[in-house]
Structure formats: structure tokens, C-alpha cells
Amino acid sequence: MEQPLVEFSDIYKIYTMGDTEIRALDGVSFSVHKGEFLAIIGQSGSGKSTCMNIIGCLDVPTSGTYLLNGTDVSTLSDNQLAEIRNEMLGFIFQQYNLLPKLNVLDNVKLPLMYRGLKDSEQTARAMEALDRVGLRDKCRHKPSQLSGGQQQRVSIARALAGSPSVILADEPTGALDSKTSREVMDFLAELNQNGNTIILITHDNSIAATAKRVIRVHDGKIIYDGPADGDDIIRSTVLSQKEKEAAI
Amino acid sequence: MNIGKTLKLAISSILSNKMRSFLTMLGIIIGVAAVIILVSIMDGVTGQVTDTFESIGMNNLSVMVTSRGSTRAIEPEDMYALLDEHSDTFSYISPNVTLNAVIKAPTETDSDTGSVTGVDETYDEIKRLTVEQGRFLQYVDVSKMLKVCVIGTYYEQEYYGRGKALGETIRINGQPYTIVGVFEEQADSAENSSDQCLYIPYTNASKMSWNTTISSYTAYVTNTDDIDKATSIIKQKATELLGSSDNVTVIATKEILDEVSSITDTLKMALVCIAGISLLVGGIGIMNIMLVSVTERTREIGIRKSLGAKKKHIMSQFVFEAGTVSGLGGILGIVAGIIFSTVAGKLLGLSVVASPGAIVVAFSVSVAIGVIFGFLPAKNAANLNPIDALRFE
């Protein structure tokens, strides 16, 4: 079997606050292969954000090994982690996290700039990414001139521009209305169809239903890992939604 | 990351907060302007002092013999012998007898008291004097003790009128002297200026002063580098003639000028150091505002780090920004410095030119201060933990 892109083995993340020990991740093991569309679901405080931070190389585990594309990330320096974030990971955040002073094009170019590409190549790749999210004509606008859904598409373009191995989406629809959320999720699904590996972090069961595979986290432990429709809560959420739609 | 992009980023960040940026720059602006103004004014003062000394003559040595009551003296013949002996060091040596005399022109009813200087025929070369009408004293005037004189334009205008003095008579202590030359005007023919001068042969002056020994000489040293050598030659001669050089004072214009220059240079350094304190304070102001800026932009730093910015990228961004703030402050300070030093020069009546050296140094120092004081905030920014930075509201 081919090597997993993301491999967590017995990951612990323990915070000590005074005398109490908080186990944000309590012995988590799973792996993600190329082309998967995984949703990590859990309530706030369940440990899903810690999980995302570790996958995203923004944080390091207290113990356990995390192999990203076969590389043990826990041994890397800050600069090496920065390189990995730049080349292997694409982030999509709940708050979009675009830089307000830069225009859309410059925002999308940021990861390419830090990679040290030539300006002409940065522009070409950024425009291509903006094309994919349908915002080529808005490239000279400032983020504040765009709607929430458009801003999130810009941040998707920024994540795509670097052609990362994994796209990490942290509550990508958290700040959007349900219609725009749907559009964004459909777009992520389409990206997955085209071969991109997507890891989605969410607390919303109906959003998680878009993914093919679901990992449910509770109190730092994995309580379910399997296909989306195999999770009882997701199944009931989807059913009740369909009933609602049918009633209308 | 290229420099153009970083610079553009820094400028847009400065422009987005104009008032704050200006106030931050103010310390640097004042510091740079102060350095330029002080250096320029000091240069102007030094220049004026130098000009004054140069007009006296940089190649000149004044020799004064103070052996009062001694039977032995340095005679003009001794000095002329010395001149022959060391013709490669000295160009000219002239005796110098100054006395106050009663001066009366035939056209006037009242007489004046003025200074009369007795010299030999080389004195115009020593002092670089230019005779405009007529001629200077000649060897025969001195040796035959002819009653001739050369006057400055003050006497010409005062007694005879422009161009009418040549060939006229002037009475010095009652004796009639024929005017054989008039000097070029140097200082608007004003009273007590260098234009109020009257030169006669030293032989006459010596006799007139009732003092047969000559106690003062002026020498012209061919090369200013030989001033020290010339001084020691004269002292040696004095020792030979008088038994010691204690009673002979040799003053070189150049030495006085060097002395004065070293004093003004020290003064200048002291003033620049004081102005430099303002630059230092300006630098601390920049550091302070950069620390605030880093805190305000924590989230931006988090975003950049999540996208793969390394420490050096964040560092260079903030250091560049601090350098740009101080550099812009430096440019504004230079403009202010040039304007104010010109105004100050006008007010003080000095020829003040903003010193290019001071401009270059002040600008480099201001940029360097920005970079140095921007370093700590930039380091703080670069060391931020990306998750904490991203969560920062």
C-alpha cells in the first residue's frame, strides 16, 4: 500500500495549567492517504483544533510521531516547518485571514513569494488559481471590497496557488450563510474530485456530510473513524435535513 | 522576497498611519537637521577664521626680539645673511618697524595720528599686497633712506580723492614724504581697515622711532610644510647671536590657524555629539512605535507564518520598515537642515553651505539607527508562535 500523506501514531498533546493537566489529544492515531476527503468533527474543546494545528505544522505534539509524506515533522526546526507549511500545506481559515492592505492578487501571491519564485511566475500561478475560483476579474480589489463568500474563495485560491499536498480547511464555512456555505463545500468537493487531498475541520454535522470519511473526536480521543454515512449523528442530521426540505 | 516589494510594503504601512509615522520620524528629523545645521555653521565659522588667517598670510613667520636693554641685537644684516644661507626655505625676510606718527596731508588743516610701518622692498611679496597705482618701495628707497611712501586707499580717498594721490606729499611727523604708490582697495577704504595703511622704508621708520635696533621681522617661508624648519633656523640664529633663543618669539600664522582649527574641530564634535543625542532619542521613539506595531499586527504575522514565512522574512519586513521610517525622517531632516542652515548663515552673516559630509553621515546614521532600533521589535515579531499569532484578536 502506498505511503500515507498524513500519519498520526499515538499523538498526545498535553497542556499544563497550574496543577491540572489538560489532554487536548489523548493518544490519537490515524492516517490520511492521497486523494481523501476527510472531515475531523467534534465539539469545541474536543481537540479537533489541536489536531488541525499539528497537521498544519503550526504546533508540535507533546509525544507521538507525526509523519507528513514520510517525514517526521517533530524533529524539524522552525524554518523547516515554515518550508513545509509553504510547500506541502494550504490553509483555509474560518476568518479567511486575508491581509487587508494587499489586493486579492498579492494575497494569493504571498505563499509563492515566500517560496522565492520569480515575480512573473508568482503572478501567473496566482492568476491561474484565481481563475479556478472564478475571481480573475477581481484581482485588483482589496479583500474588504468583496463579499464573505468571495473572500473565502480568495483564501481557497491562495491555498491552491502553492499546489499543496494537503488542503487544510478550518471551519471554512463558519462565517458564511448556508447558501454560500453550500457553494464553498461544493467547490471543495470538486477540488477533491480533481485529486486534491482535503482535511476539513468542523463542528457542523451537515458540513461534515460532504466529506467521504469522518473522524469524530471527543475529549482528545477518536470515537469514530469511517465513512461519513457510517456515523450515526451525521446520518440522522442528513435525514432530518432531507425531511425538512421535503416538508417545504 | 525582493527589496522593491519589501520597500513598497514598508511605505504603504507608513502611509496607512501618517500622523503616527510623522511623529515617530520627528525625533530623527530634528536630530538630522540639528547635526547638519551645527556642522554647517561651525564650518562657516572655521571658514571665516581661516580666510582671515589666510589674508594675513599662511606662509608668514613673525619674529619678535624682546631683548630689551641688551647690547646685542639681531640686525637686518643678520637676517639678510640668514635669507641668503637658507634661500631654499625662505623667500623673503623684511624688517618690520611699526610706530605711531602724526600724519598730515597738505590739503588738510588738522593732522591725524596713525600707524606707520617701516618695511623693506620685499614686503609687498611677503604680504601679497598689490599696488594699483605707482609702485612699491624699492631697494634704493630703503638704502638711500628716500622719503617715499606707499599708502592704502583710505588715505587716498580721505585726503586727495580717487586717483589723485600719486606724486602728492604727505607729512609724517612733520617730514614730507612723496607718495609713490597706492594699494589696491581691500575693504571699501574703511577707517581702521586694512586700507588704512602707510608704508615707508624701514630705515626711515627706525630712525623716526628713536630706536636704532630692529625688534621685529616678517619672513616668507616658501613652503608651508617648512614652517617648523624655518622656526628652528631662526631660533638657532638667535642663539648664535644672542646666546639664547629665550628672548626671541617666532609666531607662525599657520600654527595659530592649526590651533584655532583644532579648537573649532573639538567644539564641532561636541556640538555634533549633543545633536546626536537627539538622534538616539529618535531611535528609541522608532523602537517604541515598532513594538506597538508588532503587537497590532500579530495576526498579520500569524497569517504570514502560516503561509510559510520564515523568521528571516518577518525580520526583514520589520527591520526594513523601521529603516524606511528613519530613512524618510533622515531625508526630511536633511531638507530642514539645509533650509535652516542657509537661514542661519544669512542671519549670522556667515557663508554657510550645508556640509555634504554632514548630510551623508547624518543620513547613514539615521538609517542605521532605524535598523538597529528596529531589530528588537522585528525579532519579537519573528519569534511569535504562529498559532498564538493567528488566534490574536
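Is Leu328(B) buried, partly exposed or exposed? In this predicted model, Leu328(B) is partly exposed, because its relative accessible area is 36% and the partly exposed class runs between 20% and 50%. The residue sits in helix α11 of chain B.

Leu328(B) has company at the surface. Together with Ile331(B), Val335(B), Ile339(B), Phe340(B), Val343(B), Leu347(B), Leu348(B) and Phe363(B), Leu328(B) forms a nonpolar patch. The accessible area of these residues together is about 850 Å². Helix α11 of chain B spans residues 311-348. This helix is the main contributor to the patch, with eight residues. A general point helps in reading such a list. An α-helix has 3.6 residues a turn, so residues three or four places apart point the same way.

Now step back along chain B to helix α10, residues 298-306. Here the picture is one of cover: eight of the nine residues are buried. They are Thr298(B), Glu300(B), Ile301(B), Gly302(B), Ile303(B), Arg304(B), Lys305(B) and Ser306(B). After the helix comes Gly308(B), with a positive phi near 110°.

Ser306(B) leads on to the next feature, since that residue also appears in the lining of the largest cavity. Where is empty space left inside a protein? Rolling a probe the size of a water molecule over the atoms shows where empty space is left. In this model the count comes to one cavity of 30 Å³ or more. The largest cavity has a volume of about 70 Å³.

Residues of both chains line this cavity. From chain A come Arg85(A), Asn86(A), Leu89(A), Gly90(A), Phe91(A), Pro111(A), Arg158(A), Ala159(A), Gly162(A) and Pro164(A). From chain B come Ser306(B) and Leu307(B). Three elements of chain A each give two or more residues to the lining: α2 (78-88), β6 (89-92) and α5 (148-161). Of the elements, β6(A) gives the most, with three residues. By class, the lining has six nonpolar, four polar and two charged residues.

One lining residue deserves a closer look. Asn86(A) belongs to helix α2 of chain A. Is Asn86(A) buried or exposed? Asn86(A) counts as buried, because its relative accessibility is 4% and the cut-off for buried is under 20%. Asn86(A) also offers a reference point within chain A. His218(A) lies 132 residues from Asn86(A) along the chain, and their C-alpha atoms are separated by 30 Å.

Key:
Residues are numbered from 1 along each chain as its sequence is written. Chains are lettered from A and ligands numbered from 1 in the order in which they are written. This is a predicted model: local features need pLDDT of at least 70, side-chain atom pairs count only at pLDDT 80 or more; totals for chains, interfaces and linings use all residues. Side-chain values use heavy atoms; hydrogens and water are left out. On a 1 Å grid over the protein atoms alone, a cavity is a set of points where a 1.4 Å probe fits but cannot get out, and a pocket is an open set with protein on both sides within 12 Å along at least five of seven lines; lining residues have an atom within 4 Å of a point. Grid points are joined across faces, edges and corners, and a volume is the space filled by probe spheres set on the points. Helices (H or I, at least four residues) and strands (E, at least two) are DSSP runs, numbered from the N terminus. Ala, Val, Leu, Ile, Met, Phe, Trp, Tyr, Cys and Pro count as nonpolar, Asp, Glu, Lys and Arg as charged, and the others, Gly among them, as polar. Buried means under 20% relative accessible area, exposed over 50%, partly exposed in between (1.4 Å probe, protein chains only). Patches are made of residues with over 30% relative accessible area and no salt bridge: like charges are joined within 9 Å, nonpolar side chains (Val, Leu, Ile, Met, Phe, Trp, Tyr) within 5 Å. Accessible areas come from the Shrake-Rupley method with a 1.4 Å probe; for residues, only the protein chains shown count as cover. A salt bridge is a side-chain nitrogen of Lys or Arg within 4 Å of a carboxyl oxygen of Asp or Glu.
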